[in-house]
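Work through the following exercises with the sequence and the model at hand. Each task is followed by a solution in steps.

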Amino acid sequence: MSTEPARRPLRIRRARLEEADTLAPRLTELCRRSKAHWGYPQELLERWADDLRIEPADIDRDVVLLAEATDDAPGGPDLSDLLLLGFARVGVDPDTDASTGAGPRIARLHDLWVEPQVMGQGIGRTLMEAAIEVARTLPAERLRVVSDPNAEPFYERFGATRVGEEDSDIVAGRRLPILELPLSGARARLDPAESG
Ligand SMILES: CC(C)(COP(=O)(O)OP(=O)(O)OC[C@H]1O[C@@H](n2cnc3c(N)ncnc32)[C@H](O)[C@@H]1OP(=O)(O)O)[C@@H](O)C(=O)NCCC(=O)NCCS
């Protein structure tokens with residue numbers, strides 16, 4: 001018999017402006033727990049702590065998508081109070097020249113984090129699909145993410161490819177992959193029934 005926890009019913013909803021103050025610290029804690037699951041040493045996690053902070057202004061400026069469990073407690077006692085299972089944050093890429101409108105519009109996936117206890121249950125995929133839809137309606141032609149190296153194969157599953165690298169601001173010598181996903185072709189990958 002499988003020991004995997006049952007997948008919980010899920011809804012994706014946009015965070016509301018009026019909940020930004022209470023939500024920001026919860027999202028910050030979620031980011032830090034999720035980052036820690038890659039096994040980085042505590043000393044590195046402490047150096048990243050500020051970088052992994054979500055401010056109310058981020059929720060105000062960008063689209064924040066929340067993955068919430070809609071059941072009460074079927075995940076067992078240790079998961080019963082875990083209702084916010086992950087989130088994504090999408091905005092206009094900061095390197096895009098929005099003032100002139102020159103060049104292609106690029107969306108940025110600033111955040112995508114899933115609670116470690118519920119990874120591997122399709123929540124990351126559901127959030128990524130929702131983030132792609134948001135990016136498309138910005139509108140944008142491509143979705144860019146500066147990825148944790150461990151997450152690169154996850155983004156590749158959605159058609160993202162590496163277009164460059166950038167230096168980590170925090171860890172000397174650490175290079176972060178810059179990935180881009182073309183939005184025009186993304187729908188066909190996500191839903192084979194529509195790919196013709
Ligand atoms: C990366 C992350 C979002 C994936 O979320 P998840 O809920 O565990 O992923 P899912 O269960 O939805 O997996 C979707 C698919 O991606 C695959 N996948 C998930 N994580 C993967 C990884 N690290 N490498 C390769 N494939 C991966 C799954 O096998 C699954 O494939 P399938 O659809 O063919 O079965 C999650 O591991 C996470 O939050 N990581 C820490 C935070 C982080 O580093 N985020 C990125 C910041 S740039």
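**Exercise 1. Classify Glu19 by burial and place it in the chain.**

Step 1. Glu19 counts as partly exposed because it has 14 C-beta neighbours inside 10 Å. The classes are buried for 20 or more other C-beta atoms within 10 Å of a residue's own, exposed for 12 or fewer, and partly exposed in between, with C-beta atoms placed from the backbone.

Step 2. Glu19 sits in the loop between strand S1 (10-14) and H1. Helices (H or I, at least four residues) and strands (E, at least two) are DSSP runs, numbered from the N terminus.

Step 3. Glu19 and Asp60 are 41 residues apart along the chain, and their C-alpha atoms are separated by 9.8 Å.

Two conventions apply throughout. Residues are numbered from 1 along each chain as its sequence is written. The model is predicted, so local features need pLDDT of at least 70 and side-chain atom pairs count only at pLDDT 80 or more, while totals for chains, interfaces and linings use all residues.

**Exercise 2. Describe the overall make-up of the protein chain and the confidence of the model.**

Step 1. The protein chain contains 6 helices and 7 strands. Their order along the sequence is β-α-α-α-β-β-β-α-β-α-β-β-α.

Step 2. Of the 196 residues in the protein chain, 29% are buried.

Step 3. Take the contacts between residues at least 6 apart in sequence: 66% of them join residues at least 24 apart. A contact is a pair of residues whose C-beta atoms, placed from the backbone, lie within 7 Å.

Step 4. The average pLDDT of the protein chain is 87, and 82% of the residues score at least 70. pLDDT is the predictor's confidence in each residue, from 0 to 100.

Step 5. By element, the lowest mean pLDDT (42) belongs to helix H6 (residues 186-190) and the highest (98) to H5. Over residues 76-80 the pLDDT is below 50, and this stretch has 4 contacts in the model beyond near neighbours in sequence. Residues 186-196 also stay under 50, with 11 contacts beyond four places in sequence.

**Exercise 3. Which strands pair with S3 and S4, and in what sense?**

Step 1. S2 and S3 run antiparallel and are joined by 6 bridges. Strands are taken to pair if DSSP finds at least two bridges between them. Within this pairing, Leu84 in S3 is the bridge partner of Glu68.

Step 2. S3 and S4 are antiparallel, with 7 bridges. Here Arg89 is opposite Asp111, and Gly86 has Val114 as its bridge partner in S4.

Step 3. S4 and S5 run parallel and share 3 bridges. Ala107 stands opposite Leu143 in S5.

Step 4. S3 is largely enclosed by the rest of the structure, because 7 of its 9 residues are buried. In S4, 8 of 9 residues are buried.

**Exercise 4. Is Gly91 of S3 buried or exposed, and which residues does it touch?**

Step 1. Gly91 is buried, since 20 other C-beta atoms lie within 10 Å.

Step 2. Leaving out residues up to four places away in sequence, Gly91 touches Arg61, Asp62, Val63, Arg108 and His110.

Step 3. Leu143 is 52 residues from Gly91 in sequence, with a C-alpha to C-alpha separation of 9.5 Å.

**Exercise 5. Describe the largest nonpolar core.**

Step 1. This core has 37 residues, and those that touch the most other members are Leu65, Phe87, Ala88, Leu127, Ala131, Ala135 and Leu143. A nonpolar core is a set of buried Ala, Val, Leu, Ile, Met, Phe, Trp, Tyr and Cys residues joined through C-beta atoms within 7 Å.

Step 2. Two or more core residues come from each of H1, strand S2 (63-69), strand S3 (84-92), S4, H4, strand S5 (142-146) and strand S7 (175-182). H4 gives the largest share, 7 residues.

Step 3. Beyond four places in sequence, the contacts of Phe87 include Leu27, Leu30, Leu65 and Trp113.

**Exercise 6. Which residues surround the ligand most closely?**

Step 1. The shell holds 21 residues, the closest being Val114, Met119, Gly124, Arg125 and Pro153. A residue is near a molecule if its C-beta atom, placed from the backbone, lies within 6 Å of it.

Step 2. The elements giving two or more residues to the shell are helix H1 (20-36), strand S4 (106-114), helix H4 (123-137) and helix H5 (152-156).

Terms used:
Contact = placed C-beta atoms within 7 Å.
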